Protein chains: 2
Amino acid sequence: MRGPDGAAAGGPPSPVIARVTRAGRDESIHRGFGAVCGAEGEPVAAFGDPETPIFWRSAAKPFQALPFFEAGGDRAFGLTRDEAALSCASHSGEPAHVAAALSMLEKGGFSVADLRCGVHAPYDGASARELERAGEAPSALHNNCSGKHAAMLLACRLFGFDASRYDAPDHPLQRAILEKVAFYAGYPAAGIEIGIDGCSLPVFRLPLSKLAAAYARLAAPAALAGESAEAAAARVRIVGAMTGSPFHVSGTGQFTTRLLEAGRGRWIGKEGAEGVYAMAIADPLRGIAFKLDDGSSRARNAVACALLGQAGAWTEVPASLAADVRPELRNARGTAVGEIVTDVPLAWARAATPARATGAPPAAVPLR
Amino acid sequence: MRGPDGAAAGGPPSPVIARVTRAGRDESIHRGFGAVCGAEGEPVAAFGDPETPIFWRSAAKPFQALPFFEAGGDRAFGLTRDEAALSCASHSGEPAHVAAALSMLEKGGFSVADLRCGVHAPYDGASARELERAGEAPSALHNNCSGKHAAMLLACRLFGFDASRYDAPDHPLQRAILEKVAFYAGYPAAGIEIGIDGCSLPVFRLPLSKLAAAYARLAAPAALAGESAEAAAARVRIVGAMTGSPFHVSGTGQFTTRLLEAGRGRWIGKEGAEGVYAMAIADPLRGIAFKLDDGSSRARNAVACALLGQAGAWTEVPASLAADVRPELRNARGTAVGEIVTDVPLAWARAATPARATGAPPAAVPLR
């Protein structure tokens with residue numbers, strides 16, 4: 001097995017997928033593994049070992065919102081599209097995010113004290129500085145996960161569940177979410193390991209390839225085999241909220257927001273902590289997921305762009321993402337000192353060919 | 001060749017030296033390479049490929065201060081011990097650091113406008129927040145390198161060099177510094193590659209093992225072959241300032257400050273960007289250097305402690321560093337979710353045995 005687990009046990013390493021240069025030399029490198037899956041979760045391409053188990057982290061958020069949406073909770077509580085997007089966001093804690101999270105809480109008669117996500121300063125630097133200037137401490141509303149937690153509180157109200165311990169792995173809402181992850185991943189719930197996430201919710205550990213498969217299914221245009229019409233409609237509403245309100249999925253200047261804006265419904269992307277990123281392309285329908293071995297994020301955007309291009313999302317990178325492809329590194333004086341250069345050795349399954357690949361198509365090497 | 005360059009070219013990977021766990025599983029891993037050298041720079045132990053070239057980054061700071069100290073500049077300008085320490089610091093931009101940097105400038109008739117390091121917010125969170133609350137912007141004095149730059153301006157005054165472009169690679173001060181790096185590394189100056197550092201100064205690229213050798217020589221008790229009495233006395237004053245004023249080498253709560261405090265002259269340590277760390281132990285005289293492949297720093301302190309123990313600095317880790325050995329990771333609610341676990345596969349040269357090693361001595365495997 002490659003990736004963190006296998007490599008720590010002496011197994012083969014993940015490939016180098018990004019180099020951080022200085023004066024034309026490689027100063028640091030990043031390794032990683034990833035998978036591209038087709039409409040039914042079938043493997044299409046991969047690099048490294050796509051069967052390495054990973055914690056999905058915040059890339060699981062669309063699925064964590066599903067039980068609530070499937071039961072019509074978004075309509076029952078009259079969520080706006082921005083609020084629906086916030087329910088699966090890792091937001092930057094900007095004033096509009098905080099206002100939307102508070103609005104969601106109030107629609108269920110909850111307050112900030114009911115959130116169990118903990119407190120951290122806004123990811124958005126300007127918002128964090130504004131709090132400092134005003135002499136205000138951040139609250140749980142500024143936590144990047146506050147929208148997800150607010151939606152879970154509303155789900156407890158909707159289903160009549162105990163709202164005081166909604167984050168416990170044995171809580172009925174968390175059991176329902178686990179079943180959703182298992183269904184869309186095509187993986188037995190009993191085989192999914194559970195850890196504690198940065199926001200205290202259960203976090204799911206299963207093979208990376210299943211995250212790619214789950215994102216392909218998330219973006220499927222019609223109901224899947226074994227999926228209810230309500231569930232299919234729910235994920236369409238969730239994806240629609242993400243593509244329709246990109247700011248509420250992340251924040252000002254953030255890669256995921258710019259990626260969603262550039263896609264205009266043609267693709268989605270969602271980050272997770274520790275170097276995880278998951279995406280779906282609508283045409284050809286593909287799910288994509290990858291993780292950096294070292295859990296860092298500085299090469300993540302460039303790798304995501306490389307994979308979207310190779311998987312057929314575009315033949316030319318959108319202008320708003322051009323600077324993400326090969327980011328220039330500048331020092332404290334603003335001088336260019338190096339760059340981040342990606343080279344993702346995507347190996348295609350024998351039957352699969354890259355759709356609309358740029359340049360020469362990659363050799364058809366079988367997946368291991 | 002291992003490490004960033006070689007690995008990117010398809011060479012063997014550096015070993016996994018730290019695992020970041022969650023729920024008992026390896027979520028992310030860090031690879032790295034390092035070297036332990038003896039009193040004359042001879043290899044004693046290593047992991048990964050110690051001959052991988054690296055940019056020394058801020059681990060070069062004691063050597064960048066040497067020409068000034070060797071010429072007696074610290075005495076000529078009446079630097080305090082704190083100011084001498086600041087001349088080779090990566091400080092946190094706390095008020096005392098800023099005051100010391102300003103004092104150094106004023107001793108040469110310079111002002112903040114003469115600093116060419118650029119501006120960044122203080123590393124120290126409380127100091128950064130205090131600036132925000134006061135509505136003040138950070139200045140070049142808050143740059144972690146401001147003490148080094150101030151000492152270089154004083155050097156220009158002392159030597160009669162042009163102080164307006166002291167950061168140019170062809171400036172006589174930078175040429176003198178390059179010669180110092182070459183001498184203590186035991187490596188030809190012509191073979192040292194130059195890049196631009198985060199603070200705009202020249203940064204030096206040469207094999208990692210030479211950084212370990214340079215730190216062993218930096219800490220040598222007597223004059224080295226080919227070293228003037230003035231140069232030997234200068235490095236004794238520099239090391240004495242670092243061990244005597246640990247706060248001025250880094251800052252509140254910082255690992256390097258705590259390491260220097262715990263050492264009380266028995267060892268020194270200095271970080272560099274992109275996962276570089278260099279140390280010296282006084283008895284047995286050893287130089288130690290390592291780099292994380294991915295350039296991250298979260299496993300750095302734990303790896304430094306592991307190496308100091310294995311190289312004979314202590315048989316029991318000092319209490320003030322105990323939490324650095326195997327750091328616990330907590331989430332936004334304060335719940336323990338994982339830890340950083342190191343395992344540094346140090347291979348000892350055949351002739352060398354670890355002095356005062358804890359537990360069973362490692363097998364005597366030859367260095368490659």
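**Reading cavities, symmetry and helix packing**

Modeller: Let's start inside: the largest cavity takes up about 80 Å³. Keep in mind that this is a predicted model.

Biologist: Okay, but how do you find empty space, and how many cavities of 30 Å³ or more are there?

Modeller: The general idea is that rolling a probe the size of a water molecule over the atoms shows where empty space is left. Here the count comes to three cavities of 30 Å³ or more.

Biologist: Which residues line the largest cavity?

Modeller: Both chains contribute. From chain A you have I29(A), H30(A), R31(A), D293(A) and D294(A), and from chain B you have I29(B), H30(B), R31(B), D293(B) and D294(B). The elements giving two or more residues to that lining are β2 (25–37) of chain A and β2 (25–37) of chain B. By class, the lining splits into six charged, two polar and two nonpolar residues.

Biologist: And what lines the second largest cavity?

Modeller: That cavity holds about 70 Å³ of space. Its lining residues include K61(A), F68(A), S87(A), K148(A), M152(A) and L173(A). Two or more residues each come from α2 (61–64), α3 (66–70), α8 (146–159) and α9 (172–185) of chain A, and α8(A) gives the largest share, four residues. By class, this lining has eight nonpolar, two polar and two charged residues.

Biologist: With two chains, how do I read the way chain A can be laid on chain B?

Modeller: In general, two copies of a chain are related by a rotation about an axis and a shift along it. In this model, a turn of 180° with a shift of 0.0 Å along the axis lays chain A on chain B with an RMSD of 0.0 Å. That is the relation of a two-fold axis.

Biologist: Which residue of chain A comes closest to the rotation axis?

Modeller: Look for R133(A): its C-alpha is 2.2 Å from the axis, the closest approach in chain A. Now check the interface: 100% of the interface residues of chain A are also interface residues in chain B, so the copies meet through the same surface.

Biologist: On to helices. At what angle do α6(A) and α8(A) cross?

Modeller: Two packed helices are described by the angle between their axes and the distance between the axes. For helix α6 (residues 95–107) of chain A and α8(A), the axes come within 9 Å and cross at roughly 10°. Angles under 35 degrees count as roughly parallel, so α6(A) and α8(A) are roughly parallel to each other. Among the contact residues are M104(A) and L105(A) of α6(A), with A150(A) and L154(A) of α8(A). The contact has seven nonpolar, two polar and one charged residues.

Biologist: How do α9(A) and α10(A) lie relative to each other, parallel or perpendicular?

Modeller: The axes of α9(A) and helix α10 (residues 208–218) of chain A are 7 Å apart, at an angle of about 90°. The two helices are therefore roughly perpendicular to each other. F183(A), Y184(A) and A185(A) of α9(A) touch K210(A), A213(A), A214(A) and R217(A) of α10(A).

Biologist: Last one: which peptide bond of chain A is cis?

Modeller: Most residues other than glycine have a negative phi, and most peptide bonds are trans. The bond from D283(A) to P284(A) is cis, with omega near 0°, and P284(A) sits in the loop between β8 (276–281) and β9 (286–292) of chain A. In chain B, the bond from D283(B) to P284(B) is cis too. For backbone phi, try A23(B), where the value is positive, near 50°. A23(B) lies in the loop between β1 (16–22) and β2 of chain B.

Key:
Residues numbered from 1 in each chain as written. Chains lettered and ligands numbered in written order. Predicted model: local features only at pLDDT ≥ 70, side-chain atom pairs only at ≥ 80, totals over all residues. Heavy atoms only, no water. Least-squares fit on C-alpha atoms with pLDDT ≥ 70 in both. Contact = heavy atoms within 4.5 Å. 1 Å grid on protein atoms, 1.4 Å probe; cavity = no way out; pocket = protein on both sides within 12 Å on 5 of 7 lines; lining within 4 Å. Points joined across faces, edges and corners; volume = space filled by probe spheres on them. Nonpolar A, V, L, I, M, F, W, Y, C, P; charged D, E, K, R; others polar. Axes fitted to C-alpha atoms, helices over the stretch in contact; angles between N-to-C directions. Parallel < 35°, antiparallel > 145°, perpendicular 65-115°, else oblique.
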